Amino acid sequence: MKVSRRGMLAGAAAVGAVGVIGFEDQATAEVTREPVELTWFGTHAWEIRCGEAVVVTDPWLTRFRTGTFTPAGADPKTKLVIKPEVIDQHLSTADAILVHHGHYDHMADVPYVAKRTQATVLCTETHANLLRAMKTPDDLLSAVRGGEYLPFEGFSIEVFPSLHSCSGKRHTYAYPGYRYAVPPRPRVIEDLVEGGTLAFVITIGGLRILSLSTANFDPNALRDLQVDVVLAAPGGEPGITDRLFQTIKPVRKVIATHWDDFDKPLDEPGVPWTDLTPLRTSVQRAGAEFVVLDHLQKVTL
C-alpha cells in the first residue's frame, strides 16, 4: 500500500506537534498494546505482523551459495538468483518493505516480493535505481533519506540515517558505492552496491522496534531514542554494540539478527557465522533480555 499525500502531510503535522523524532510525549502517554508477531527468515529478513498490518524487512529468502563465510570469501561474480517457489512458501502479503542497504543478501528478492505483495518499498535513491533496473514497478518505490515519519494503516515508520559495519585492517565493507541513475540490470552480487544504509523504527501494536541491519549505527541520529525492542546484529562488539546501548535509552529486549551463515538452506537450523557470546554479553550488560530465534521461528511480543 502507498502512503497518500494527505497521510504524509498528517504525519508531518504529527511530528510538529510532538517535537523531534523520539516522541517523548508519546512515550509518556498511555499506549494500547496489541500482540505483535515477529518471524525470522534468516539474515535480516523479518516479517512483523499485528492484525492485518504486515511490515517486511530486507526479504532475502532465496539464499543461493556465495562463499561469503569461507576462507576465500564471497565470489563477486556469483550470479543473482531468485527462487519464487521458496519465497512463496513464506511471504504472500506485506504493506511495507524496508530496505536497510543494497547488498544482495538484503535486496536481491525485493523486486519479486514487491510485485507479489504490492507493498510500498522504503529505500535510498541508489536502492530505488537498482530496483528499477531489476524491473520493480516505479510506483511502489519511495526513496527516503532519514528523518521521515511515515504513517501507514496500522503502523508507522520512522527513518534514520545509519552506517554499514566495517571490518579488516582498513575498516572496509564489500561493494561500496552509489547509483545516481538507473544502471544496467544487476546480474552478479557485486552489482548490488551498499548505496547508503538506513535504520528504521517500526511502531506497531503499541510496540516500538528499532531495526538495524548491521552492527554499526549513527550515534547522532539515534541519540536518546526510546524503543522497546532492538534487532541487533553481531560483529560490533565490544565497542560499537556497547556504544549503541549507551546512545539509546534503556531497552527491554534485544533480538539477534543477521547471525546465520546464509549459504545454508532456510529450511535447516541456522548455523552461526560468528560466536554470539559477545553480543549476548553486551546486551545483558545493558540490562536487556537477549533473544535468539532460529530459522522460520516466531515470537509474539
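## Ground rules

Buried means under 20% relative accessible area, exposed means over 50%, and partly exposed is what lies in between, with a 1.4 Å probe and protein chains only. By that scale Gln-118, at 43% relative accessibility, counts as partly exposed.

This is a predicted model, in which local features need pLDDT of at least 70 and side-chain atom pairs count only at pLDDT 80 or more, while totals for chains, interfaces and linings use all residues. Residues are numbered from 1 along each chain as its sequence is written, and side-chain values use heavy atoms, with hydrogens and water left out.

## Helices H5 and H6

Let's start with two helices that pack against each other. Helices (H or I, at least four residues) and strands (E, at least two) are DSSP runs, numbered from the N terminus. In helix H5 (110-117), the buried residues are Val-110, Pro-111, Val-113, Ala-114 and Thr-117. Seen down the axis, they fall within an arc of 165 degrees, so they line one face of the helix; the arc is that of the directions from the helix axis to the C-beta atoms. Their cover includes helix H3 (84-90), strand E4 (96-98), H4, E5 and H6, where contact means heavy atoms within 4.5 Å.

Helix H6 (residues 125-133) is mostly covered, with seven of its nine residues buried. These are Thr-126, His-127, Ala-128, Asn-129, Leu-130, Leu-131 and Ala-133. The buried residues of H6 pack against helix H4 (104-107), H5, strand E5 (120-123) and strand E6 (141-143).

## Positive phi values

Most residues other than glycine have a negative phi. Which residues here are worth a look on a backbone plot? Gln-118, in the loop between H5 and E5, has a positive phi near 60 degrees. Lys-135, just after H6, takes a positive phi of about 70 degrees.

Tyr-175 has a phi near 50 degrees, again a positive value in a residue other than glycine. Tyr-175 sits in the loop between strand E8 (155-162) and strand E9 (197-204), and is buried, with a relative accessible area of 16%.

## Helix H9 and its surroundings

In helix H9 (residues 277-285), Leu-279, Ser-282 and Val-283 are buried. They cover an arc of only 95 degrees around the axis, which puts them on the same side of H9. The buried residues of H9 pack against strand E11 (229-232), helix H8 (239-247), strand E12 (253-256) and strand E13 (289-291). Just after the helix, Gly-287 takes a positive phi of about 85 degrees.

## His-258 and its contacts

His-258 is placed in the loop between E12 and H9. At a relative accessible area of 10%, this histidine is buried. What does His-258 touch, leaving aside its neighbours within four places in sequence? Its contacts are Trp-40, Thr-43, His-44, Asp-105, His-106, Ser-213, Ala-233, Pro-234 and Trp-273. One of these partners, Ala-233, is 25 residues away in sequence, and the two C-alpha atoms are 5.5 Å apart in space.

## Pocket and cavity

Rolling a probe the size of a water molecule over the atoms shows where empty space is left. On a 1 Å grid over the protein atoms alone, a cavity is a set of points where a 1.4 Å probe fits but cannot get out, whereas a pocket is an open set with protein on both sides within 12 Å along at least five of seven lines; lining residues have an atom within 4 Å of a point. Grid points are joined across faces, edges and corners, and a volume is the space filled by probe spheres set on the points.

The largest pocket holds about 620 Å³ of space. Of the 25 residues that line this pocket, the closest to its centre are Thr-68, Phe-69, His-164, Ser-167 and His-258. By class, its lining has 12 nonpolar, 12 polar and one charged residues. Here Ala, Val, Leu, Ile, Met, Phe, Trp, Tyr, Cys and Pro count as nonpolar, Asp, Glu, Lys and Arg as charged, and the others, Gly among them, as polar.

The whole structure has one cavity of 30 Å³ or more, with about 40 Å³ of space in it. Its lining consists of Leu-212, Thr-214, Ala-215, Ala-232, Ala-233, Thr-241, Leu-244 and Leu-279. That makes six nonpolar, two polar and no charged residues.

## Cysteines

How many disulfides does a search of the whole structure find? The count is zero, a disulfide being a pair of cysteine sulfur atoms within 2.5 Å. Cys-50 counts as buried at 9% relative accessibility, and Cys-166 as partly exposed at 39%.
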